[in-house]
Each structure stands twice: as C-alpha cells, then as structure tokens.
Amino acid sequence: MSTFPWGAFAANLGWTAVAALTVMLATFAVALRVGVHRIVDVAWGIGFTVVAATAFALSTGNGDGVRRLLVTSLTAAWGLRLAVHIARRGRGHGEDPRYEALLARAPGSRNAYALRMVYLVQGALVWLVSLPVQAAQYVPGPPSPLAWAGAALWAVGLGFEAVGDAQLARFRADPANRGRIMDRGLWAWTRHPNYFGDFCVWWGLFLLACDCAPAAAVSVVSPVVMSLLLTRGSGKRLLERHMAARPGYADYAARTSGFLPRPPGRNRRGDRRGPWAA
C-alpha cells in the first residue's frame, strides 16, 4: 500500500481553513442584515459540507476514489440535513437565548464580539472537527471492513438524530403539549438523541480515516473534540442548565439516560427509570 501523502495533505489544509472561514464570514454578513446571530447554527452544517467538498476537489489524484466520494457524500448528507432542520426550526423566531446571553457580556460592540466569539470560533471548530473527512481523502487503498463499519455507525447516528428531531418537531407542533417535557420515542431512551446521533456520526467518519495510521493519528482529535462539545461544552450541559427550571424536567432527567440510549426503568418513587440515568 502506498504511503500517506503528507505533503499534499498539509498543502491543502490552509485552503480548507479558508473555505470554513469564508462560510462563517458570509453568514456573519447575512446576520448583520437580518439582525440575529442564530443563523450561525445553520452555517455549522453548511461549513462542514463546504470543507468536505473543498477537500474532495483538492485531493484529486490522491487517495482511493471510492473512499473520497463516500466520506464527502456522508459529510454533505449530514451537514445539509442539519442545516435545513435548524433553518426550519428557527424560522420566525428572534435571537437565540444562548447568543443573547453571550452578547450581553460584550465589552464593546456586540457585533464585533459576536464575530470573534461565535463566527471565528465556530469556523475554527468546523476546520478542526472535519480533519477525519480531510485526511480520509488521501488514504490509499479501498475501504476496509473497518471503514465500512464507520459508514454503518454514521448511518446509525444520522438516523438517530433525524428521527429524534422529527419526533420533537411533531411534539412541539401539537398545542396540547405546550409546557410539557418531551419524553416519548427516542426521547424516552436518552435526553439527547440528536447529540448522541452527532456523536455516532463523527466517530463513524473518523473510522473512514483509520485504514491508514498517519491519517488516524492526525484526525483522532476530531471525534474527541466533538464528544466533549456535545457532552461538556455547548451541547448537553448548556441545554440542561436552561431546561432545569422547567416543570417536570427533574423527574424526566431522573428516569432517562443523560446521553447513551438505555431502556427506561423506574425511579425511587416507582416511576419508570433506567439504571443508567445520568
């Protein structure tokens, strides 16, 4: 098997960084025009798609064609689905409370602060987290069973978050559920099916780069960072802090797993609770 083409890979890292930055700067310009910064969440999935497409174009003549097309297509499918979902969910709403709270602490211009702390940070994260997608473009040789297992794990993740998002959207659309906690379907197995889905997606994409030790070594930071973001950063922890005061949420949290899906069980009062509830 051919060696990993470090020179070609390293030479194109700057261009993929430019691609991620361009998406975020364009989104910032749109946000200034519409007056809300929540649209940066839409750009998150688009950014990964653009970086994957850029890496695919730049890696022509390197790596295995099947793997290159596979990792690019999987990334684009995940990113575009997420972007469309977030755009639909946020249509007609004002600023996201998370960004409102962040910008309230701005020492000067709110927009300049948003550019530094939101758009540039997210652009850097898009580039960093997408390293397996970029590295996989240069892996020589056809996908191994491990790579196809990664594709299967990606599919589990995409299905989990897509179904979870659809279930929550239907729940919220019913006026009878106003003020209630969603605890049905996948949401009875984990409090965060969408975050668990992202977790599977990015560990799956990482496995697509694991047929080559150098590619795996340079890109393992990606699923680790994404896992930390989902469980300790702006994902699970921040959302649960916001939800904690809602009526019924404490009981829901007591009987439902905090991240990894587990069958519902019973809590101390005899209600259903799982032994793995966080």
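Buried means under 20% relative accessible area, exposed means over 50%, and partly exposed is in between, with a 1.4 Å probe and protein chains only. The model is predicted: local features need pLDDT of at least 70, side-chain atom pairs count only at pLDDT 80 or more, and totals for chains, interfaces and linings use all residues. Residues are numbered from 1 along each chain as its sequence is written, and side-chain values use heavy atoms, with hydrogens and water left out.

**Stop 1: Asp41 and Arg98**

Select Arg98, which counts as partly exposed because its relative accessibility is 35%. Add Asp41, which at 10% relative accessibility counts as buried. Their side chains form a salt bridge at 2.6 Å, N to O; the term stands for a side-chain nitrogen of Lys or Arg within 4 Å of a carboxyl oxygen of Asp or Glu. Asp41 belongs to helix α2 (residues 40-58) and Arg98 to helix α4 (residues 97-103), so this pair, 57 residues apart, links distant parts of the chain. Helices here are DSSP runs (H or I, at least four residues), as strands are (E, at least two), numbered from the N terminus. Now add Asp96: a network of salt bridges links Asp41, Asp96 and Arg98. The structure holds seven salt bridges.

**Stop 2: Glu100 and Arg110**

Stay on α4 and select Glu100 with Arg110, whose side chains meet in a salt bridge of 3.1 Å, N to O. Glu100 is in helix α4 and Arg110 in helix α5 (residues 110-129), so the bridge ties together parts that are 10 residues apart in sequence. Glu100 is partly exposed, with a relative accessible area of 35%. Arg110 also counts as partly exposed, at 35% relative accessibility. In the loop between α4 and α5, pick Gly108, which at 48% relative accessibility counts as partly exposed. How many Å separate the C-alpha atoms of Gly108 and Gly185? The separation is 45 Å, for two residues 77 residues apart along the chain.

**Stop 3: α2 against α5**

Show α2 and α5 together. Their axes come within 10 Å and cross at roughly 35 degrees. Axes are lines fitted to C-alpha atoms, for helices over the stretch in contact, and angles run from 0 to 180 degrees between N-to-C directions. This crossing is right-handed; the near helix is then turned clockwise from the far one by less than a right angle, and anticlockwise for left-handed. On the α2 side, select Val40, Asp41, Trp44, Gly47, Phe48 and Val51; they meet Val118, Tyr119, Gln122, Leu125, Val126 and Val129 in α5, contact meaning heavy atoms within 4.5 Å. By class, the contact has nine nonpolar, two polar and one charged residues.

**Stop 4: α3 against α8**

Move to helix α3 (residues 65-90) and helix α8 (residues 193-207), whose axes come within 11 Å and cross at roughly 165 degrees. The two are therefore roughly antiparallel to each other, a label for angles over 145 degrees. The crossing of α3 and α8 is left-handed. Val71, Leu74, Thr75 and Trp78 in α3 meet Asp198, Val201, Trp202 and Leu205 in α8. This contact divides into six nonpolar, one polar and one charged residues.

**Stop 5: Asp183 and Arg255**

Finally, select Asp183 and Arg255, a salt bridge of 2.7 Å, N to O. Asp183 lies in the loop between α7 (145-173) and α8, and Arg255 in helix α12 (residues 249-255), so the pair ties together parts 72 residues apart in sequence. Asp183 counts as partly exposed at 27% relative accessibility, and Arg255 is partly exposed with a relative accessible area of 21%.

Conventions:
Angles under 35 degrees count as roughly parallel, over 145 as roughly antiparallel, 65 to 115 as roughly perpendicular and the rest as oblique. Ala, Val, Leu, Ile, Met, Phe, Trp, Tyr, Cys and Pro count as nonpolar, Asp, Glu, Lys and Arg as charged, and the others, Gly among them, as polar.
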